[in-house]
Amino acid sequence: MAGKPPASDPIQDAPQVSEPQHSAVGLPAITHALRIAQQQMGVRRTALTLLRVNQRDGFDCPGCAWPEPDKPHTAEFCENGAKAVAEEATLRRVTPDFFAAHSVADLATRSGYWLGQQGRLTHPMYLAEGADHYVPVPWERAFDIIGEELTALDSPDEAVFYTSGRTSNEAAFLYQLFAREFGTNNLPDCSNMCHESSGSALTETLGVGKGSVLLEDLYKADLIIVAGQNPGTNHPRMLTALEKAKAGGTKIISINPLPEAGLERFKNPQTPRGLAGGGTALTDLFLQVRLGGDQALFRALNRMILATEGAVDEEFVRAHTHGFEEFARVARADDDWDETLAATGLTRAEIDSALEMVLASRRTIVCWAMGLTQHKHSVPTIREVVNFLLLRGNIGRPGAGVCPVRGHSNVQGDRTMGIFERPAPAFLDALEKEFGFAPPREHGLDVVRAIRALRDGQAKVFFAMGGNFVSATPDTDVTEAAMRRARLTVHVSTKLNRSHAVTGARALILPTLGRTERDVRGGGEQFVTVEDSMGMVHASRGRLEPASGGLLSEPAIVARLARRVLGARSRTPWEEFEEDYATIRDRIARVIPGFEDFNARVARPGGFALPHAPRDSRSFPTATGKANFTAAPVEYPAVPEGRLLLQTLRSHDQYNTTVYGLDDRYRGIKNGRRVVLVHPDDARERGFADGAYTDLVSEWTDGSERRAAGFRVVHYPTARGCAAAYYPETNVLIPLDHTADTSNTPASKSVVVRLESPGQD
Ligand SMILES: Nc1nc2c(c(=O)[nH]1)N[C@H]1C(S)=C(S)[C@@H](COP(=O)(O)OP(=O)(O)OC[C@H]3O[C@@H](n4cnc5c(=O)[nH]c(N)nc54)[C@H](O)[C@@H]3O)O[C@H]1N2
Ligand SMILES: Nc1nc2c(c(=O)[nH]1)N[C@H]1C(S)=C(S)[C@@H](COP(=O)(O)OP(=O)(O)OC[C@H]3O[C@@H](n4cnc5c(=O)[nH]c(N)nc54)[C@H](O)[C@@H]3O)O[C@H]1N2
Ligand SMILES: [Mo]
């Protein structure tokens, strides 16, 4: 059964596998981070830069969206934050000479890892129609080219303006303002692929699409449930918070098909005990759920709570909620334990133990990430989590609430600033009043719909504020073909990535400043602001010299583009915005609730918290004016005989599509990414020994198949019937139409696949 990976494999994968680890961080993490950082930045710059991360006068870590504690530790960074910083603050450069030496066709054969390793972009670059190479282009000419193509469109809705979640509040606010003055709501963003399901579920049930807890709530909770999240890799500073909560007596349940090392045991690198000792055991109860089994699990807990005398917080339910009777009726009727156990893969005893902990807790928080949001039935799953919390009054009191843990460092802020293809009418009214133009009212395209529009020739200009659209999105072949149909593709980027090599007829790369860099405009030295996962807004100020004198900041790029494209028809003071970001914040303060007196409040150390009605006053701005119970039927993915359910996830050495290295230390994998983790019994049943090679073939309801070739099978203790492999390599397997109901998020965590020996058909 053994085979070799295909010779064309862009990364020379040679995975070596050892036992998965049972604890996270500690000294190896620091050594690993410093090694990567010093390779990119050298010793002096590494020390200077890392000391500024998440400090009050420093910059916001470009890694994850986990909040900063009130008094940051002098080294309030984590291994993966350090890698994110090193990736940006690298001393390597991609200059016009690099583009002269490498044609676009050449770049398209390179791996994402190789492209990212080349360094920071230094000059605006232009690929003319029919040309083989990007050539340097002056900024003003770049804006002219975009202006030409945008003006030539039949309708503003033929343009798409994508955002990735690192963009600051100031840049995001200007960007959506420009798109809407231009005439479209086509503002898809990475959130569409990320926490959109959380936003959809929470807006409908609680009236606010954001989390309802602050950092201090974690320390007050009796019970924290972490479902579908791997904080050891993706939100490492969350482990410090969990450790502190544990020290105060909090219990933790983790729900995951994989036993993730970080949740098992944490060795805090910022304490001597964590560095030298055995660390803290975090998880009290591990529920090894099947992929997509969470809705069934929470429904089972809910019906058991309903059946327990005195377990429901009746006063809260009466005073603050709507729809309880209908929900209780449906949940009580759902009493088929065989189905619950089949859907969850758990035993009755495990669910009983969870219930015991739930009933013993007066204050419960549920944290979640992509394991809950990227399934077909994600929205009803998260609504069931809300039902679970509402039943015992766990919304709007200290130590309790919903905690969707966001990904990109400012993805939540971008949405607050209006990066949304379906803006609320009140937001558009406020824009109209402030800026004196009539914003388009029709909904725009989200990520999946934008790809369809490009594919079908209905969208012709694609503009990206950051990100790596063709690698992050599903159905790689379809998406890349769609992108190649565009008239013009434009990327505002810090680093080279695959989206620069898969272009429309014409293409531009606009290099920009990163978080770590000094931003000096006509009005003096600027700072920007961001909002973390818990709705705290604070300033971020870079100190490093920019990677090149040729860079423009994101706000400056948008302002100049707007002047060129909108010309005299815009009454917005773009020039003033470009020179002094405080003037942008003054406008944000007038348009967006919660930002009153923005400039003064953000000047205070630590920033300020945005209001959150359910958290602050148990008031719920929903259609019913109350928190809504919902009663959806339980769903879980159907897996045909002999097939596995594949989740596509992150390794320890990557940031989304940016690959830092080829190791996934906690999972025992080294020097390779083309691996598929399969339960030993499932692998053996299919004739695959540990170390054998396989193709992954996904099967879709319309009978079509997609193939990702040459993966090494790793026998791994995942839940039965489930498999795991890294994204973005596996995005070729996910059909464009395989999305979550309501939120339209690609269902990247439930892909039906079969294993097939290479060469076998
Ligand atoms: N270092 C680093 N940090 C990051 C990122 C990164 O790539 N690298 N990405 C950032 C971004 S944008 C995001 S959105 C977050 C992502 O953070 P995570 O959501 O932690 O990222 P994933 O790797 O997708 O991991 C999904 C987790 O959910 C589990 N899971 C999968 N399916 C299910 C399920 O059906 N049920 C349950 N209960 N669990 C399931 C998986 O086993 C895994 O532990 O991290 C952010 N931070
Ligand atoms: N199969 C599968 N697909 C997924 C997921 C999954 O779990 N499985 N996860 C989804 C999720 S949660 C997300 S959030 C998306 C991520 O989708 P994106 O946000 O589009 O992708 P990233 O890989 O984070 O983008 C990396 C690029 O951003 C640019 N960049 C970095 N910093 C800056 C900056 O400060 N400014 C600018 N202008 N550019 C910058 C660099 O050029 C870099 O190459 O992927 C989604 N895709
Ligand atoms: Mo994300």
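## Two backbone details

Let's start with Asp475, which sits in the loop linking helix 25 (469–472) to helix 26 (476–484). This is a predicted model, and in it the phi angle of Asp475 is near 50 degrees, a positive value in a residue that isn't glycine.

The other backbone detail is at Tyr727 and Pro728, which are joined by a cis peptide bond with omega at about 10 degrees. Pro728 belongs to the loop that runs between strand 32 (722–726) and strand 33 (751–756).

## How the chain is carved up

The protein chain splits into four pieces: domain 1 (19–88), domain 2 (93–192 + 410–611), domain 3 (196–405) and domain 4 (644–756). Domain 2 is written as two segments, 93–192 and 410–611.

Domains 1 and 2 touch each other: 18 residues of domain 1 are in contact with 23 residues of domain 2. Centre to centre, going by C-alpha atoms, domain 1 and domain 2 are 26 Å apart.

## The annotated stretch

An unreviewed UniProt entry carries the annotation "domain: Molybdopterin dinucleotide-binding" for residues 644–751. In the model, that span is 37% strand and 6% helix. The C-alpha atoms at the two ends of residues 644–751 lie 8 Å apart.

## Ligand 1

Where does ligand 1 sit relative to domain 3 (196–405) and domain 4 (644–756)? Both domains give residues to the shell around ligand 1, so the ligand lies between them. That shell holds 31 residues, and the closest are Asn256, Glu260, Asp294, Gln654 and Asn656. Sorted by class, the shell around ligand 1 comes out as 16 polar, 11 nonpolar and four charged residues.

Now for some individual contacts. Asn256 has a side-chain N or O atom 2.6 Å from an oxygen atom of ligand 1. Gly292 uses its backbone instead, with a polar atom 2.7 Å from an oxygen atom of ligand 1. Ile255 also brings in its backbone: one of its N or O atoms there lies 3.0 Å from a nitrogen atom of ligand 1. On its own, ligand 1 has 920 Å² of accessible area, and the protein covers 99% of that. As for secondary structure, the elements giving two or more residues to the shell around ligand 1 are helix 11 (231–234), helix 20 (370–373), strand 25 (644–649) and strand 26 (654–655).

## Ligand 2

What about ligand 2, and which domains give residues to its shell? Here domain 2 (93–192 + 410–611) and domain 4 (644–756) both contribute, so ligand 2 lies between those two. Around ligand 2 there are 31 residues, the closest being Tyr162, Ala472, Glu554, Thr657 and Asn731. The class breakdown for the ligand 2 shell is 10 nonpolar, 16 polar and five charged.

Three side chains are worth a look here. His408 places a side-chain N or O atom 2.8 Å from an oxygen atom of ligand 2. Thr648 has a polar side-chain atom 2.9 Å from a nitrogen atom of ligand 2, while a polar side-chain atom of Lys749 is 3.1 Å from an oxygen atom of ligand 2. Taken alone, ligand 2 exposes 930 Å², of which the protein buries 96%.

## Putting it together

Domain 4 (644–756) turns up in both shells: it pairs with domain 3 (196–405) around ligand 1 and with domain 2 (93–192 + 410–611) around ligand 2.

Definitions and conventions. Residues are numbered from 1 along each chain as its sequence is written. Chains are lettered from A and ligands numbered from 1 in the order in which they are written. This is a predicted model: local features need pLDDT of at least 70, side-chain atom pairs count only at pLDDT 80 or more; totals for chains, interfaces and linings use all residues. Side-chain values use heavy atoms; hydrogens and water are left out. UniProt positions are given in the numbering used here, feature names are shortened, and annotations may be inferred rather than shown by experiment. Helices (H or I, at least four residues) and strands (E, at least two) are DSSP runs, numbered from the N terminus. A residue is near a molecule or strand if one of its heavy atoms lies within 4 Å of it. A polar contact is a pair of N or O atoms within 3.5 Å; within protein, one must be able to donate a hydrogen and the other to accept it, and residues adjacent in sequence count only if both atoms are side-chain atoms. Accessible areas come from the Shrake-Rupley method with a 1.4 Å probe; for residues, only the protein chains shown count as cover. Ala, Val, Leu, Ile, Met, Phe, Trp, Tyr, Cys and Pro count as nonpolar, Asp, Glu, Lys and Arg as charged, and the others, Gly among them, as polar. Domain bounds come from an automatic or database domain assignment. Contact means heavy atoms within 4.5 Å.
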